[in-house]
Amino acid sequence: MAGVFEFVIFGLILYWFFNTRMVDVLTTRVQAMYTNWDQTPDSSSSKKISANTLRNYDPEVKRSKFKAFSSDDIFKVGLSLNAYFYSSRLAHYASKSLQVKNILKTETEKSSFFLIRTFCHIVHIWGFKKFEFPQVYDKVLSSVALKGAIGETTRDLYQNEYRSENNGNNNQKDKKSEEDVYNKIYKAQEARVKNILIIMRSTLSDLLLRITTWVVYKLFPRFLSSVCLHPSQLKMIQKAAKTNLPLIFVPLHRSHLDYILITFVLQNINVKSPLVAAGNNLRIPVFGWLLRGLGAFFIKRRIDPSAGKKDTLYRAVLHTYMTECLRAGHNIEFYIEGGRTRTGKPCMPKGGLLSVIVEAYMDGTVEDALLVPVSINYDKLVDGNFVNELLGQPKQMETFSAALSAMWTTLNSNYGSIRIDFNQPFSLKELVKSLQGKSGRMSLTDVFNSNDSDSSSSVSKKNGYQREKSFRSIPSTTSLYGTDVVDENSFKACAIMSTNSVAFLLLYKYRNGVSFNELVESFGELRKQFNSDNRDVGFSGENENVVEHAIELLGSSLVKREKRGKTDNNESETVDEYIIPEVDLPNVIGLSYYSNTVVSHFVVEGVVATSICSALKFESENEYWVQKDDIVKNALDLCDVLQYEFIFTKPCESLEYAINETIDKFKFMEIITTKETGKLGYESWNSWGAKNFEDTDNDDDYFHQYHPSVTYTVNYKNNEEEKLELFHTILRPLVDAYLATAKCLNILIEKEMTESEFVREVLNEIKTQLQHDGYCSYGESSSNELVKNALKLFKKWGVVEMYSRDSIKLVYLNDVYTNDDELQPIINRISHFKFFKEVVTE
């Protein structure tokens with residue numbers, strides 16, 4: 001009892017401290033935000049939303065009495081996600097809600113009782129539902145499957161180490177000695193299992209969750225304006241939790257703050273907090289203990305010690321631990337990208353931990369589970385940036401002192417808002433059934449484990465060109481288990497923040513600078529485009545205020561302000577403020593991080609625009625034309641080149657369909673106009689007529705092969721040229737990086753290098769080209785992530801080979817490539833997308 005009393009006294013002292021120093025800061029910032037950020041959107045979206053309109057968006061609201069939200073809790077934003085549904089998804093709350101809630105504000109703050117208002121957060125936290133979090137340590141150790149793995153590992157070690165040294169000795173004494181050695185190895189493996197489990201396991205505590213929630217309420221307002229969510233999404237998660245099925249949260253990963261944010265939100269809506277898979281690099285003093293108590297279970301970032309040598313025992317412990325946690329009723333959270341994105345784009349998904357969930361369903365451990373994709377976006381990244389890593393410098397490991405320093409810096413800075421989106425939960429059972437139907441004769445395990453399966457056509461190792469069957473986004477392992485999840489996050493659900501939009505415009509439209517007024521005007525046009533595309537945004541208010549807010553958050557290291565005078569027709573001089581992006585290394589890497597969220601949104605437009613530019617032909621001055629067949633062919637090829645950079649389409653949508661949709665969009669935007677329509681491409685009319693009446697099981701191939709040959713005129717007038725150039729520009733830094741990597745392949749002729757050495761050589765080549773105005777024009781091309789992805793592509797094409805020796809990755813050329821001439825077709829294939837192709841017509 002005395003301990004409880006001491007805790008209350010301690011809590012009151014802390015509250016007094018924070019109340020006197022922090023609440024005033026919070027109040028001032030919120031009032032300033034409300035003053036500067038008008039709740040009414042700009043004229044493009046100023047339509048008043050009525051109760052009837054909201055009922056139309058939310059099916060559940062149709063069946064219940066509408067209750068208006070207070071303006072203190074709700075910030076108006078753009079349209080929300082347009083999710084891709086499986087048949088059993090919980091669609092009752094899948095509304096296009098026009099409002100979001102700041103979860104840092106509680107209902108108890110508005111209570112009429114003085115004591116409740118004074119201790120609003122304590123009262124709020126006191127009302128949380130209490131959950132049991134059973135420990136599974138003993139169950140894991142007693143698992144039959146794990147004991148079998150220990151025995152198998154022991155036999156392997158015994159065979160490899162002892163029997164090889166004592167081959168041929170069969171006397172009785174040696175047999176007894178062998179038995180002793182075997183038992184010794186077995187006990188050593190048992191001890192290792194216990195040690196792995198102690199390091200790995202979570203100690204999730206309800207008390208620590210409540211204390212941390214209170215601390216979050218006090219600290220977060222010091223550096224954040226708001227943490228916003230859709231109320232309808234919160235209701236959707238609450239309804240999913242009532243099914244009593246395990247919830248598997250699968251967020252995109254941007255910051256270390258992600259670990260706390262999702263747990264904080266779930267605590268506030270009385271949903272059981274999940275166990276969170278965390279890298280063992282976070283197992284640092286104090287903070288590691290705190291994360292473990294908040295649900296983190298630590299796993300090695302690299303499970304296998306080296307390529308070709310699997311640590312089967314560690315894998316068995318991890319698999320058994322996660323399975324027993326599911327059996328015990330825990331929810332689980334893991335990041336399907338593996339680690340934080342260094343570039344601002346969603347990373348390619350990794351299916352390792354998700355495979356454990358699938359196997360738990362397949363072997364009957366759980367009846368079903370609900371996968372819940374989650375996307376988080378920040379006005380300003382709390383972790384700083386990854387510029388040094390992208391420029392090739394080694395990653396700095398997390399330490400206690402570095403964590404303290406980062407916390408101090410964070411608490412004395414302004415990071416704007418955070419936006420969290422919980423997307424439609426979907427049934428694992430139905431997903432597996434869908435996969436089994438699509439995978440044909442392949443087993444589910446085969447489908448899942450083919451992470452590097454070639455979803456493109458067969459590729460010639462000699463020149464890297466596709467053969468007859470074109471590249472298609474056929475769902476296989478990652479596209480079914482991973483891409484499907486990440487796709488919903490990256491394509492529609494992740495809200496675009498103001499800093500993303502401003503950085504995008506500055507890098508790709510106004511690279512040499514722009515007046516503030518013109519930037520505001522372009523921002524308004526971009527905002528309308530997001531609304532037209534049904535893409536959610538994480539900002540509100542007048543365009544001028546939003547742009548000003550974004551520039552302030554980006555900071556002087558990324559964006560400069562200048563006063564410039566100009567003379568009008570009346571010869572009177574005026575002064576305009578100019579906004580100039582930092583486009584030199586290393587600052588441009590930081591700016592590109594924020595812009596890449598918008599680049600991912602417009603990536604198919606970028607592909608089509610680049611394909612148009614690479615296939616242009618001209619008849620006379622300023623009269624350019626292009627054939628649709630060439631656009632589609634080039635676009636498919638460019639998607640093949642950039643397959644490790646983006647997820648281009650939804651799993652249920654073919655790549656050809658998305659490209660043709662974008663071509664139609666360009667026609668609507670008047671970037672291109674139809675010049676003439678000729679006979680059918682690929683086949684004559686007679687052949688088409690015959691095949692039209694044949695049965696086919698592949699509608700996509702049918703659509704791709706039989707369509708009229710169309711010629712388009714490219715409009716180089718007014719602002720249509722600017723639109724085409726904007727979309728074309730967004731992919732040029734990537735093409736430059738891939739081209740530089742291809743040109744550096746000759747370094748590997750008749751030699752091998754470590755991957756890090758080769759990446760360093762390519763980055764130096766890019767910097768040299770930038771300094772001498774060579775074929776690289778963009779500083780953001782100097783990224784080791786781009787070079788590594790290019791190497792993955794060349795490995796898939798059969799140009800290079802990779803292997804690991806003593807945990808060091810080595811790269812060398814395929815035997816087919818022995819000189820520069822044999823590498824030239826690879827270079828030509830990529831440079832094709834960099835330069836305009838101008839061919840005079842007959």
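The questions and answers below concern helices and a sheet in a predicted model.

User: How many residues of helix α21 are buried?
Analyst: Buried here means under 20% relative accessible area. The buried residues of α21 include Ser498, Asn500, Phe504 and Tyr508. Helix α21 covers residues 498-508 and is largely enclosed by the rest of the structure, because the buried residues number 11 of the 11.

User: Are α10 and α12 roughly parallel or roughly perpendicular to each other?
Analyst: The axes of α10 (residues 206-223) and α12 (residues 258-268) come within 10 Å, and they cross at roughly 110 degrees. Angles of 65 to 115 degrees count as roughly perpendicular. The two helices, α10 and α12, are therefore roughly perpendicular.

User: How many nonpolar residues does the contact of α10 with α12 have?
Analyst: From α10 the contact takes Leu209, Arg210, Thr213, Val216, Tyr217 and Phe220. From α12 it takes Ile260, Leu261, Thr263, Phe264, Gln267 and Asn268. By class, 1 is charged and 4 are polar, while the nonpolar residues number 7.

User: Which strands stand at the edges of the sheet with the order β18-β20-β19?
Analyst: This open sheet has 3 strands with antiparallel pairing. A strand at the edge has a single partner strand, so one side is left without a neighbour in the sheet; this applies to β18 (752-754) and β19 (800-805).

User: Which helix packs on this sheet?
Analyst: Strands β19 and β20 (residues 808-813) run antiparallel and are joined by 6 bridges. Both β19 and β20 are touched by a helix whose direction makes about 110 degrees with that of β19. That helix, residues 784-796, is α33.

Definitions and conventions:
Residues are numbered from 1 along each chain as its sequence is written. This is a predicted model: local features need pLDDT of at least 70, side-chain atom pairs count only at pLDDT 80 or more; totals for chains, interfaces and linings use all residues. Side-chain values use heavy atoms; hydrogens and water are left out. Buried means under 20% relative accessible area, exposed over 50%, partly exposed in between (1.4 Å probe, protein chains only). Helices (H or I, at least four residues) and strands (E, at least two) are DSSP runs, numbered from the N terminus. Axes are lines fitted to C-alpha atoms, for helices over the stretch in contact, and angles run from 0 to 180 degrees between N-to-C directions. Angles under 35 degrees count as roughly parallel, over 145 as roughly antiparallel, 65 to 115 as roughly perpendicular and the rest as oblique. Contact means heavy atoms within 4.5 Å. Ala, Val, Leu, Ile, Met, Phe, Trp, Tyr, Cys and Pro count as nonpolar, Asp, Glu, Lys and Arg as charged, and the others, Gly among them, as polar. Two strands pair if DSSP finds at least two bridges between them.
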